Amino acid sequence: QVQLVESGGGLVKAGGSLRLSCAASGPSFSMYAMGWFRQAPGKERQFVASMSRSAESVSYPDSVKGRFTISRDNAKNTVYLQMDGLKPEDTATYYCAARLSFSVNRYYTEIGDYNYWGQGTQVTVSS
């Protein structure tokens, strides 16, 4: 079982950048595919980014493609989300998610694909 703790959220002006981190505890972090999701008040949780175990396969929705970058450091048991060109509509609580994956190069984009979730970190983008 893996436990996830996000950090790095905060208040930033439109056009600014933030880097979120998600530290995982537990064995075999490299066996997990990782994802980031976000949820704004009154809205459903939505997919933001995902990465395979190998880090060779990634996926983003059009809303963040070209602005957000997911990465992982298996030696540090950490996954990152670099967010550039932030917009007010990016304001949300951001959640890290993990799932054990026997496929090395598969990523997952659905909430139901993931078994483990962090507690979330708040990102607020002012205009």
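Q: Are C22 and C96 buried or exposed?
A: In this predicted model, C22 and C96 are both buried, which means that each has a relative accessible area under 20%.

Q: What makes the pair C22 and C96 a disulfide?
A: The sulfur atoms of C22 and C96 lie 2.1 Å apart, and because the cut-off for a disulfide is 2.5 Å between cysteine sulfur atoms, the pair qualifies. The structure holds 1 disulfide, and this bond links distant parts of the chain, with C22 in strand β3 (residues 18–25) and C96 in strand β9, 74 residues apart.

Q: Why is the disulfide of C22 and C96 called left-handed?
A: The torsion about the S-S bond is about -80°, and the disulfide of C22 and C96 is therefore described as left-handed.

Q: How do you know that S21 is buried?
A: S21, which lies in strand β3, has a relative accessible area of 16%, and since buried means under 20%, S21 is placed in that class. Leaving aside residues up to four places away in sequence, S21 touches V5, E6, S7, W36, T78, V79 and Y80.

Q: Why is the contact between R38 and D90 called a salt bridge?
A: The side chains of R38 and D90 meet at 2.8 Å, N to O, and because a salt bridge needs a side-chain nitrogen of Lys or Arg within 4 Å of a carboxyl oxygen of Asp or Glu, the pair satisfies the criterion. This salt bridge links distant parts of the chain, as R38 belongs to strand β4 (residues 32–39) and D90 to the loop between β8 (78–83) and β9 (92–100), 52 residues apart.

Q: What makes R38 count as buried?
A: The relative accessibility of R38 is 5%, and because the limit for buried is under 20%, R38 counts as buried. Its partner D90, at 1% relative accessibility, counts as buried as well.

Q: What do R67 and D90 form where their side chains meet?
A: R67 and D90 form a salt bridge at 2.7 Å, N to O, a separation that falls within the 4 Å cut-off. R67 lies in the loop between β6 (58–59) and β7 (68–73), while D90 lies in the loop between β8 and β9, so the pair ties together parts that are 23 residues apart in sequence. Both R67 and D90 are buried, and salt bridges with shared partners join R38, R67 and D90 into one network.

Q: How many salt bridges does a search of the whole structure find?
A: The search finds 3 salt bridges; one of them pairs D62 with K65, whose closest N and O atoms are 3.5 Å apart, and this distance lies within the 4 Å limit.

Q: Why does D62 count as exposed?
A: D62 has 68% relative accessibility, and because exposed means over 50%, D62 is assigned to that class.

Q: Why does S28 count as partly exposed?
A: S28 has 44% relative accessibility, and because partly exposed covers the range between under 20% and over 50%, S28 is given that label. S28 is placed in the loop between β3 and β4, and although S28 is not a glycine, its phi is positive, at about 60°.

Q: What makes A55 partly exposed?
A: A55 has a relative accessible area of 33%, which lies between the limits of 20% for buried and 50% for exposed. A55 is found in the loop between β5 (46–51) and β6, and it has a positive phi of about 70° without being a glycine.

Technical notes:
Residues numbered from 1 in each chain as written. Predicted model: local features only at pLDDT ≥ 70, side-chain atom pairs only at ≥ 80, totals over all residues. Heavy atoms only, no water. Helix = DSSP H or I, 4+ residues; strand = E, 2+ residues; numbered from the N terminus. Buried < 20%, exposed > 50% of the residue type's maximum accessible area, 1.4 Å probe, protein only. Contact = heavy atoms within 4.5 Å.
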